[in-house]
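Dear colleague,

I am handing over the structure that we talked about, with some notes on what turned up in it. Please open it beside this message and follow the notes as you read.

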Amino acid sequence: MQLITVEDVWKIYRLGEQEVPVLKGVSLTVAQGELAALIGPSGGGKSTLMNILGCLDRPSRGKYWLDGEDVSELTPEGRATVRGRKIGFVFQSFNLLSRTSALDNVMMPLTYAYPRPTEREGRDRAVALLERVGLAERMHHYPSQLSGGQQQRVAVARSLINNPSVLLADEPTGNLDSKTSREILEMFQKLNEEEGLTVLIVTHDQNVAATAKRSIKVMDGLIVSGAFAPGTEPVPA
Ligand code: ADP
Ligand code: MG
């Protein structure tokens with residue numbers, strides 16, 4: 001079974017009287033355990049697609065199954081529950097809460113954990129994740145006291161706190177220098193190889209895409225290559 005199956009998904013924005021299609025019938029599969037890059041020029045619809053895959057937004061038309069569940073027609077509350085339990089997010093701008101320590105940032109998504117751990121268990125898990133991303137000494141620091149690379153490590157630890165089925169990273173190295181970028185990408189590769197975590201990285205950077213095993217190319221609202229998980233291409237009619 002595929003972890004992600006998207007079938008003929010459209011996203012149409014309404015601007016006044018005008019309808020603007022941004023995704024124009026996207027079909028896609030991602031198997032459990034893949035490390036894939038979503039590539040393509042700016043404005044092509046990568047983030048729009050990622051927001052749908054992450055249940056931050058819903059398709060205007062079409063179907064999306066995540067882990068066997070049809071999530072294309074959930075209510076906003078239903079999507080929040082799925083996000084909390086199944087999806088880890090890493091963003092270009094880190095998106096940490098500024099008045100909150102690294103440790104508390106990592107613990108934040110525990111509100112959505114299922115089953116919900118005790119405070120103590122959740123805290124132990126957050127500490128272990130911060131150790132794993134190399135921030136054991138910094139867990140009581142605020143984001144402003146951390147470098148960009150360290151903030152992104154906190155964000156990666158936060159993305160993992162609820163044992164997600166898939167990690168979605170939208171331009172995760174867009175605000176980082178090349179050395180720090182490599183370190184973050186190596187973390188994704190390690191999580192994929194050692195834990196079998198499914199990782200999808202959105203990028204317009206070829207060097208970033210080259211670290212993935214598969215490239216899915218998005219242009220002008222369509223997937224122009226790499227739409228199907230290896231070995232699952234639909235048989236032509
Ligand atoms: P990418 O991430 O590949 O750069 P996006 O998904 O951000 O592309 O955007 C694709 C297109 O959708 C762009 O032309 C953008 O202007 C348009 N778009 C994105 N969000 C909205 C919105 N809320 N309303 C109208 N148009 C949007
Ligand atoms: Mg984008």
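A residue is called buried when its relative accessible area is under 20%, exposed when it is over 50%, and partly exposed in between, with a 1.4 Å probe and only the protein chains taken into account. Helices (H or I, at least four residues) and strands (E, at least two) are DSSP runs, numbered from the N terminus.

Before the findings, two remarks on how to read them. This is a predicted model, in which local features need pLDDT of at least 70 and side-chain atom pairs count only at pLDDT 80 or more, while totals for chains, interfaces and linings use all residues. Residues are numbered from 1 along each chain as its sequence is written, chains are lettered from A and ligands numbered from 1 in the order in which they are written, and side-chain values use heavy atoms, with hydrogens and water left out.

The overall picture

The protein has seven helices and ten strands. Its radius of gyration (taken over C-alpha atoms) is 18 Å, close to the 18 Å that the globule rule (2.2 Å times the number of residues to the power 0.38) gives for 237 residues, so the protein is as compact as a globular protein of that length. Along the principal axes, the C-alpha trace spans about 55 × 40 × 35 Å, and 48% of the 237 residues count as buried.

Helix α1 and the ligand

Six of the eight residues of α1 are buried, so this helix is largely enclosed by the rest of the structure; the buried ones are Lys46, Thr48, Leu49, Met50, Ile52 and Leu53. Helix α1 (residues 46-53) also gives the most to the shell around ligand 1, namely three residues. The residues around ligand 1 (those with a heavy atom within 4 Å of it) are Tyr13, Val22, Pro41, Ser42, Gly43, Gly44, Gly45, Lys46, Ser47 and Thr48. When Ala, Val, Leu, Ile, Met, Phe, Trp, Tyr, Cys and Pro are counted as nonpolar, Asp, Glu, Lys and Arg as charged, and the others, Gly among them, as polar, this shell divides into three nonpolar, six polar and one charged.

Which atoms of Lys46 and Ser47 lie 2.9 Å from an oxygen atom of ligand 1? For Lys46 it is a polar side-chain atom, whereas for Ser47 it is a backbone N or O atom. In addition, a polar backbone atom of Gly44 is 3.3 Å from an oxygen atom of the ligand. The protein covers 59% of the 570 Å² of accessible area (from the Shrake-Rupley method with a 1.4 Å probe) that ligand 1 has on its own.

Salt bridges

Side chains of opposite charge can pair when their charged atoms come close. With a salt bridge taken as a side-chain nitrogen of Lys or Arg within 4 Å of a carboxyl oxygen of Asp or Glu, the structure holds eleven of them. In one of these, Glu34 pairs with Arg214, and the closest N and O atoms are 2.7 Å apart. Glu34 lies in the loop between β2 (18-31) and β3 (35-39) and Arg214 in strand β9 (residues 214-219), so the pair ties together parts that are 180 residues apart in sequence. Both Glu34 and Arg214 are buried.

Lys63 forms a salt bridge with Asp70 at 3.0 Å between the closest N and O atoms, and here Lys63 is partly exposed, with a relative accessible area of 27%, as is Asp70 at 30%. Lys63, Asp70 and Glu73 are linked in a network of salt bridges.

Unusual backbone angles

Most residues other than glycine have a negative phi, and most peptide bonds are trans. Asp67, in the loop between β4 (61-66) and β5 (69-70), nevertheless has a positive phi of about 55 degrees, and Asn95, in the loop between β6 (87-91) and α3, has a positive phi near 55 degrees. Cys55, just after α1, also takes a positive phi of about 55 degrees. Finally, a cis peptide bond, with omega about -5 degrees, joins Tyr114 and Pro115, and Pro115 is placed in the loop between α3 (102-107) and α4.

With best wishes

Terms used:
A polar contact is a pair of N or O atoms within 3.5 Å; within protein, one must be able to donate a hydrogen and the other to accept it, and residues adjacent in sequence count only if both atoms are side-chain atoms.
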